[in-house]
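Please open the model in your viewer with the sequence panel beside it, and follow the selections below in the order in which they are given.

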Amino acid sequence: MFFHARNGSVCIDDTDMDYVSFGKGNNALIMLPGLADGLATVKGMALILALTYRAYARDYSVFVFSRKNDIPENYSTRDMAEDQAKAMKALGIANANVIGVSQGGMIAQYLAIDHPELVKKLVLAVTLAKQNEVIQSVAGNWISMAERGDYKSLMIDTAEKTYSDKFLKRYRCLYPLLGYIGKPKDFKRFLIQAKSCIHHNAYSELDKISCSTLILGGACDKIVGKTASVELADKIVNSELFIYSGLGHAAYEEAKDFNKRVLCFLEK
């Protein structure tokens, strides 16, 4: 399969965690995705993810992890980080480079705080250190939509808040289809994860992150706010910051140099 891409799962206590692996490098690279994981895990996505992130496949053995499959109520981003550490240890992954996007970045913060031996370098993309009015409003609305089962509105609002207007002009014609594609059987997983974003607060402990950290944000981010990345950089001592002008929460998808910028940081 493309770049040795494969789907896998690892046992975590009384459940398991889906992951995708690809690449042939000697160094491990962990990717932690955002809140979309609440609607569908990475199960079966090996080929698609390997193609999407092929820039990393030559130099790294890449692992893209979901949250565990059976998640309890009040499951926090710190709990998610603890389970992520268990998964890495079970797979023999240590001293890895870690990329966390959005909610994945919240988890990555706690992974670096509580398990510094597992994190070599850290990349935090379009994420925040603690709740603010922006995330409370946006995620609060998503929670309301999910609670009433309004999947179409949830998908449209997510797209409108995530992508730039230039990007959306090409895809708004597809909005009528969004109510039918990818709808989960229920919204329990999404609701638990969305609530964890609202309650995330690692701000007072960010000075415990000792590894080199790259923080990437979007100047027009409508989900975590425009100043969230600056707030992270102010508290993480060994960090560097780059803000994409004109882009929002989807800077990691829309910025053509995003992967190159990450690779340059990792290879320093």
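## Starting in a loop

Select serine 102, which at 13% relative accessibility counts as buried, the limit for that label being under 20%. The model is a predicted one, and in it serine 102 sits in the loop between β5 (96–101) and α3. If you display backbone torsions here, phi of serine 102 is near 55°, a positive value in a residue other than glycine.

## Across α3 to leucine 118

Move next to leucine 118, found in the loop between α3 and β6 (119–125). Leucine 118 is buried, with a relative accessible area of 4%. Show its surroundings and, once residues up to four places away in sequence are set aside, you will find leucine 118 touching Ala85, Met88, Lys89, Ile93, Ala94, Asn95, Ala96 and Leu111. For a sense of scale, draw a distance from leucine 118 to leucine 263: their C-alpha atoms are separated by 19 Å, and the two residues are 145 residues apart along the chain.

## The nonpolar cores

Before the next selection, a general remark may help: in soluble globular proteins, nonpolar side chains tend to be buried together. In this model the largest nonpolar core has 39 residues, of which Ile30, Phe65 and Leu122 touch the most other members. Helix α3 (residues 103–114) gives the most to this core, contributing six residues. Apart from this core lies another, of 30 residues, and you can locate it by selecting Leu49, Val126, Leu247 and Val262, which are among its members.

Now centre on leucine 122. Leaving out residues up to four places away in sequence, leucine 122 touches Val98, Ala108, Ala112, Ile209, Cys211, Ser212, Thr213, Leu214 and Phe265. One of these, Thr213, is the next stop.

## Threonine 213 and strand β7

Threonine 213 is found in strand β7 (residues 212–218) and counts as buried, at 1% relative accessibility. What does the side chain of threonine 213 reach at 3.1 Å? It is the backbone oxygen of cysteine 211. Beyond its neighbours within four places in sequence, threonine 213 is in contact with Leu122, Leu124, Ile236, Asn238, Ser239, Glu240 and Phe265.

Follow β7 along its length and add strand β8 (residues 239–244), with which β7 pairs in the parallel sense over six bridges. In this pairing, glycine 218 stands opposite tyrosine 244 in β8. Then add helix α8 (residues 228–235), and you have on screen a right-handed β-α-β unit made by β7, α8 and β8.

## The hairpin of β1 and β2

Turn to aspartate 13, in the loop between β1 (6–12) and β2. At 58% relative accessibility aspartate 13 counts as exposed, and in this hairpin, which has two residues between the strands, aspartate 13 takes a positive phi near 55°. The strands β1 and β2 pair in the antiparallel sense over seven bridges, and valine 10 has methionine 17 in β2 as its bridge partner.

Is β2 itself enclosed or open? Seven of its eight residues are buried, so β2 is largely enclosed by the rest of the structure. On to β4: five bridges join β2 to β4, and the two run antiparallel, with serine 21 standing opposite phenylalanine 63 in β4.

## Aromatic pairs

Finish with the rings; a pair of aromatic rings is described by the distance of the centres and the angle of the planes. The count comes to eight aromatic pairs. Select tyrosine 19 and phenylalanine 65, which form a tilted pair, 5.5 Å centre to centre with 35° between the planes. Tyrosine 19 lies in strand β2 (residues 15–22) and phenylalanine 65 in strand β4 (residues 60–68), so the pair ties together parts that are 46 residues apart in sequence. Both partners are buried, tyrosine 19 with a relative accessible area of 4% and phenylalanine 65 with one of 0%.

The last selection is tyrosine 53 with tyrosine 56, another tilted aromatic pair, 6.4 Å centre to centre and with 45° between the planes. Tyrosine 53 is partly exposed, with a relative accessible area of 22%, whereas tyrosine 56, at 0% relative accessibility, counts as buried. To close, display Tyr19, Phe63 and Phe65 together, since these form one aromatic cluster.

Technical notes: Residues are numbered from 1 along each chain as its sequence is written. This is a predicted model: local features need pLDDT of at least 70, side-chain atom pairs count only at pLDDT 80 or more; totals for chains, interfaces and linings use all residues. Side-chain values use heavy atoms; hydrogens and water are left out. Helices (H or I, at least four residues) and strands (E, at least two) are DSSP runs, numbered from the N terminus. Buried means under 20% relative accessible area, exposed over 50%, partly exposed in between (1.4 Å probe, protein chains only). A polar contact is a pair of N or O atoms within 3.5 Å; within protein, one must be able to donate a hydrogen and the other to accept it, and residues adjacent in sequence count only if both atoms are side-chain atoms. Contact means heavy atoms within 4.5 Å. A nonpolar core is a set of buried Ala, Val, Leu, Ile, Met, Phe, Trp, Tyr and Cys residues joined through side-chain atoms within 4.5 Å. Two strands pair if DSSP finds at least two bridges between them. A crossover is right-handed if, with the strands pointing away from the viewer, the path from the first strand over the helix to the second runs clockwise. Rings of Phe, Tyr and Trp (its six-membered ring) pair if their centres lie within 6.5 Å; planes under 30 degrees apart count as stacked, over 60 as edge-to-face and the rest as tilted.
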